Every structure is written in structure tokens, then in C-alpha cells.
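Subject: Structure for you, with notes

Hello,

Here is the structure I said I would pass on. My notes follow below it.

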Amino acid sequence: MKPATVLVTGASSGIGEAICRELMAQDYRVIGAARSIDKLAQLAQELGSNFLPQVLDVTESGSISAMLAELPQQFQDIDVLVNNAGHDIGGRQSFEAGEADLWCDIIETNVQGMIRVSHAVIEGMLARGQGHIVNMGSIAALKPYATGSAYVASKYAVHGLSETLRLDFAGRGIRVTEIMPGLVRTNFAARRLDDANSAEAFYDGIGQYLRPEDVAQTLLFALQQPAHVEIAQLVVLPVSKNTGLR
């Protein structure tokens, strides 16, 4: 039996990179997509021929359609979509202190990008009568926090989208899983704050956090369930008195 093909967005670093590594270790065929081809190319050299690096901007419909049209034959039937691309650039400040365009860009990537990619991939899954969509949510959709207005809003939307897609595709062979991590130590905070030192201080100050590999192993658990089992949600937290936020 041929290995399942997985498309991972936001694959060039952090959780996305860890997911690609975990899937490759389990003999999946992986399309790693992100805006940074240089990082993906380095990853491809390490992971081998069953990892296909692809340039993708989830905010551009043309980028999505071009990537899918150019996939080699052996990668064209996407069995699993992992919607991981997202950011919180400009976040961690009060709503009125940030620029409206920054807040809208968070929604554009985290929500509209997820919708675009999912819509482009789902046609093939439905035609084959099987598939799995995994959306990377956040504990922020269950426990909002001050200074996170746009990011929290985006994760509430991801939660609602995941719940509704599960209903839309019930009985049609498509499983939908939402993973909702707590705080994960990645380069996410450095991008959000545009300051690596402040990001390190942020993580060090909290003290308890998940690793990207923890989230990747959680995703693998959802994928490896029998076909009649659908893991709807997985809330993953570091062991701590405080839940933290991704």
C-alpha cells in the first residue's frame, strides 16, 4: 500500500517543521509548504525524496492553485491536509494600540488562508471518498486573554470552522480534527514581537511550555486512529498551574 500523502502548511519552522519530521519518520509522503523556500530546501536535503518542498502563500488564491497544479504525480492525491500556517505579528498589545491592518492580516492568514487551502484540497478528497483535515487551533479559542484580540478572534474562527466542516462532511469519508495547543516554545513569539531577546524572555518567564514535537506527536495520534474513529478535538497543555497560550 502506498504511503499517505500529507500537505503541511507553515512547514518551514516551529510546529510545522516538527510535524514534517514526525510524519517522515513514520513513512508518510509529505508536501511541506511555506513562503520561505530556502528553509524548506534545507529540510528537504535532510528528509529525502519523500519530502516535497513547495512555495505557498495561503493569502493568495493564485499561489494555492499554482502549487496544486504543479505537484508531481505521486504527490497529487492529498490524503491529509494540515492547516498549520498562521501568525500573530504585532500581537500582545491592546486592541487600540495596534494597527487595524495588522489585526486584519492576522485574520487573513489564520482564517481566510485556512479556508482557501481547505476549499482547494477538499474536492479531491470528496472524489476519492476519504481524507483528513487537521486544523491547528489554540487554547486561546477556549480561554481568551487580554492583548490578543485579533489572534484570539482568529482561533475562535478556526474552532467554528472545524466544528462546521465536521458536520458538512459527516458520512462522506472526511475526518476533521482540531488541535488546540497551549504555549509552545517556537519562533512564534519572536515573529510576534519582532525581537528574539524579548521572545526568549517571554518563554523563560512563563517557564512551562510544550515543544513543537509534542504537538507533532499529538497530530500523529489523530491520524493513526482506525477509519471509524474521528478525533474531533485535542487540547494539549504543558503541565503547569497556568495553561499558557500559543
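I start with a loop residue: Gln 74 sits in the loop between α3 and β4. Gln 74 counts as partly exposed, because its relative accessible area is 44%. Apart from residues up to four places away in sequence, Gln 74 touches Thr 5 and Arg 29. From Gln 74 to Arg 21 the C-alpha separation is 19 Å, and the two are 53 residues apart along the chain. Please keep in mind throughout that this is a predicted model.

The sheet

The strands form an open sheet of 7, in the order β3-β2-β1-β4-β5-β6-β7, and the pairing is parallel. At the edges stand β3 (51-55) and β7; each has a single partner strand, so one side of each has no neighbour in the sheet. On average, and ignoring direction, neighbouring strands here are turned by 15 degrees against each other.

Helix α1 (residues 14-25) packs on this sheet and touches β1, β2 (29-34), β3, β4 and β5. The direction of α1 makes about 165 degrees with that of β1. Helix α4 lies across β1, β4, β5 and β6, and runs at about 175 degrees to β4.

Strand β4 and its partners

Which residues of β4 lie on each side of the strand, and are they buried or exposed? In β4 (residues 80-83), Val 80 and Val 82 are on one side, Leu 81 and Asn 83 are on the other, and all of them are buried. Both faces of β4 are therefore covered, and the general background is that side chains in a regular strand alternate between the two faces of the sheet.

On one flank, β4 runs parallel to β1 (residues 5-9), and 3 bridges join the two strands. Leu 81 of β4 stands opposite Leu 7. β4 also pairs with β5 (residues 131-136), again in the parallel sense, over 4 bridges. In that pairing Val 80 has His 132 of β5 as its bridge partner, and Val 82 has Val 134. To get from β4 to β5 the chain passes through helix α4 (residues 100-128), in a right-handed β-α-β crossover.

Strand β6 and the β7 edge

Strand β6 (residues 174-181) is mostly covered, with 8 of its 8 residues buried. Ile 174, Val 176, Glu 178 and Met 180 point one way from β6, while Arg 175, Thr 177, Ile 179 and Pro 181 point the other way. The buried set thus includes the charged-looking names you may notice there, Glu 178 and Arg 175. 

β6 pairs with β5 in the parallel sense over 6 bridges, and Val 134 of β5 stands opposite Thr 177 of β6. The chain crosses from β5 to β6 through helix α5 (residues 149-168), and this β-α-β crossover is right-handed.

Beyond that pairing, β6 runs parallel to β7 (residues 233-236), to which 4 bridges join it. The bridge partner of Ile 179 in β7 is Leu 234.

Gln 233 belongs to strand β7. With a relative accessible area of 33%, Gln 233 is partly exposed. Leaving aside neighbours within four places in sequence, Gln 233 is in contact with His 159, Glu 163, Glu 178 and Met 180. The C-alpha atoms of Gln 233 and Met 180 are separated by 7.2 Å, and the two residues are 53 apart along the chain.

Helix α3 against helix α4

Where two helices meet, what is the contact made of? The axes of α3 (residues 61-69) and α4 come within 10 Å and cross at roughly 35 degrees, and the crossing is right-handed. From α3 the contact takes Ser 61, Ile 64 and Leu 68, and from α4 it takes Arg 116, Val 117, Ala 120 and Val 121. By type, the residues of this contact divide into 5 nonpolar, 1 polar and 1 charged.

A buried tyrosine

Last, Tyr 203 lies in helix α7 (residues 196-206). Is Tyr 203 buried or exposed? Tyr 203 is buried, because its relative accessible area is 1% and the cut-off for buried is under 20%. Between Tyr 203 and Ala 18 there are 19 Å in space, C-alpha to C-alpha, and the two are 185 residues apart in sequence.

Regards

Definitions and conventions:
Residues are numbered from 1 along each chain as its sequence is written. This is a predicted model: local features need pLDDT of at least 70, side-chain atom pairs count only at pLDDT 80 or more; totals for chains, interfaces and linings use all residues. Side-chain values use heavy atoms; hydrogens and water are left out. Buried means under 20% relative accessible area, exposed over 50%, partly exposed in between (1.4 Å probe, protein chains only). Two strands pair if DSSP finds at least two bridges between them. A crossover is right-handed if, with the strands pointing away from the viewer, the path from the first strand over the helix to the second runs clockwise. Axes are lines fitted to C-alpha atoms, for helices over the stretch in contact, and angles run from 0 to 180 degrees between N-to-C directions. A crossing is left-handed if the near helix is turned anticlockwise from the far one by less than a right angle, and right-handed if clockwise. Contact means heavy atoms within 4.5 Å. Ala, Val, Leu, Ile, Met, Phe, Trp, Tyr, Cys and Pro count as nonpolar, Asp, Glu, Lys and Arg as charged, and the others, Gly among them, as polar.
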